[in-house]
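Here are some worked exercises to go through with the model open beside you. Try each task before you read its solution.

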Amino acid sequence: MACTRCTRDNKKSSSILLVIIISVPALSPGWVYTQAQEEFLEAGEDTPHVQCDQEHGQQIDNSHTVLQKIAQLYAERLLSDITLDVGGRLFPAHRLILCASSNVFQVMLMNPSWSEAQESLISLQEEPPCQEVFGDFLRYLYTGRVHLTHEMALPLLRLADKYNVRDLLRLCTKYLCGHVVTAASFGQLVSWLHYTRLCYHGDIMATCQDFAIWNFERLARSPDFHLLDLELLVALLSNSSLVVRDETTVFYCAAEWLQAQEEKVEDNQEFRHLVCEVMSHVRFFMMSAKHLAALLLHPFTSRFKEIITEGMRLAMNFQSQRSLPQNCPPSALIPRLYTAEVWSVHWTLENFPLLPAYGVSTLMFSTPASLVDMEAGPTYDWVLELYPKGVCFKRFYLLIVQGTLEMPEHVYKTVRLSLTLKDIADKIVRVNVGILIFSSQDGHEYIHKVIKKPFVFSNDSRMLNIDDLIPYDELNHRTFTSPYLIGPAGDSLKIQIIITPSSITS
């Protein structure tokens, strides 16, 4: 026997239902139910109703109203059976909600061996930043909703860690990974680095470290740079992928950090040990004679001559006599990714959407052939070819002994950079190639990605092809603006190419 209500509805509005079914075939049943519910409520019906299936059964989802009722318990402080004291602020709550959301609360409030299980007022010891956001944390346990900002995200992550609220932990992790640039802009990157390293949040820590290595000078200008601990600073200074203008920049940044620490270190001998530790990671061999001479006049060099000038003296001897000292650390002889004009070239492609498919842009520039006499010595000439919208090889015929062989057209959806060394003669040239790819967030331009590749050029290998420089679909997507396109109009692709000898002995 047919359901009376379904029969009535079919007679009354079969044409309307037909339109709905045809016009929204891709929408979920939940959407159809929501629309029907609103229509019946507006019409004064007692309960929402959807079309029955063949057995006249209905699957009704009214869970959002249950969530609203639970949220109302928190908002109106109804039937609370426990109060949380956080930094002097009292938060009425419900044991059931706390235990269902956090297994830490579950142990604390349900295990008879814990004193909190018998008490109705519990004092929680939280750091001041966590105290400020505890209300937002508690509201999330009731509603599943939270408004994250760069100021709130880390304290909420700490609370999610402490009370093991895994779903909030995932939300905070995703937010922090996506807002590292914002954190750097507001002087919070160092605190993010310290906490995520301490608690080993691998994804956030890796994202923050990459940003710090690739945007080191920006970090050094931020107000929280002096808050870096020694271990983190040494990790940055010892990294050969550090992106800086030149090695003198590393010296200036290290000296500035040390000056900020001097006020915190009471013992003079301890501070001298700190200077020795930090300055040992400055690669003086990467400096020109002119730069080394200029550093002799720096006030920090004058104060700690016996510590700093020894490394400078060895570098000066190498520049003049080409002799390396014994037991020299291998890292001291390896160049970083230097952005000074002598080693790099900026390349910006404007009006990117208007560029033809499979088109190529070409650029030529030169770099010093050696880290010695880099300003007046011989140079290498390079030809760069960039294929930002794929590579296409047209159909052609290949002449072979048996006749001709037709080679079909091939299309590769890749963003390719080709690097060719001109006039290589009979030499073998070992270099490190670095490509910096820029992006923009909240109006701040930064280095989003770095590709570093060692390569040996010779007569048999004169060209280096780097495919998938940028994910092809992310750069060439038609329905959204690529994060790799920057500039006032969001239509410019910006990269920087760095080429240095692989080491000072190359």
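Contact here means heavy atoms within 4.5 Å. The model is a predicted one, where local features need pLDDT of at least 70 and side-chain atom pairs count only at pLDDT 80 or more, while totals for chains, interfaces and linings use all residues. Residues are numbered from 1 along each chain as its sequence is written, and side-chain values use heavy atoms, with hydrogens and water left out.

**Exercise 1. A threonine in a strand**

Find the element that holds T500, list the residues it touches, and decide whether T500 is buried or exposed.

Solution. Start with the element: T500 belongs to strand β18, residues 492–501. Helices (H or I, at least four residues) and strands (E, at least two) are DSSP runs, numbered from the N terminus. Next, skip residues up to four places away in sequence; T500 then touches P335, R336, W343, V431 and N432. Finally, T500 counts as buried because its relative accessibility is 2%. The classes are buried under 20% relative accessible area, exposed over 50%, and partly exposed in between (1.4 Å probe, protein chains only).

**Exercise 2. Two loop residues**

Place F285 and D468 in their loops, and work out the exposure class of each.

Solution. Take F285 to begin with: it sits in the loop between α15 (268–279) and α16 (289–295). With a relative accessible area of 7%, F285 is buried. Leaving aside neighbours within four places in sequence, F285 has contacts that include L314, F318, P325, C328 and I504. The C-alpha atoms of F285 and G311 are 8.3 Å apart, although 26 residues separate the two along the chain.

Now turn to D468, in the loop between β16 (463–466) and α19 (472–475). Its relative accessible area is 47%, so D468 is partly exposed. Beyond its neighbours within four places in sequence, D468 is in contact with T414, V415 and K449. Between the C-alpha atoms of D468 and L417, 51 residues apart along the chain, the separation is 8.7 Å.

**Exercise 3. A three-stranded sheet**

In what order do the strands of the open sheet with β1 stand, and which strands are at its edges?

Solution. The order of the three strands is β2-β1-β3, with mixed pairing. β2 (89–93) and β3 each have a single partner strand and stand at the edges, so one side of each lacks a neighbour in the sheet. From one strand to the next, the twist averages 25 degrees. Two strands pair if DSSP finds at least two bridges between them.

Then check each pairing. β1 and β2 are antiparallel and share five bridges; V86 is partnered with R89, and D85 with L90. Two residues lie between the strands of this hairpin, where G87 takes a positive phi near 60 degrees. On the other side, β1 (residues 82–86) and β3 run parallel and are joined by four bridges. In that pairing T83 stands opposite L121, and V86 opposite L124.

**Exercise 4. Faces and cover**

Sort the side chains of β1 and β3 by face, and identify a helix that packs on the sheet.

Solution. Begin with the general rule: in a regular strand the side chains alternate between the two faces of the sheet. In β1, I82, L84 and V86 make up the covered face, and T83 and D85 the uncovered one. Along β3 (residues 121–124), I122 and L124 point to one face and are buried, while L121 and S123 point to the other and are not. Helix α6 (residues 128–143) packs on the sheet and touches β1, β2 and β3.

**Exercise 5. The whole chain**

How many helices and strands does the protein chain have, and what percentage of its residues is buried?

Solution. Count the elements: the chain has 19 helices and 18 strands. Of its 506 residues, 44% are buried. Last, look at contacts between residues at least 6 apart in sequence: 67% of them join residues at least 24 apart.

Notes
Axes are lines fitted to C-alpha atoms, for helices over the stretch in contact, and angles run from 0 to 180 degrees between N-to-C directions.
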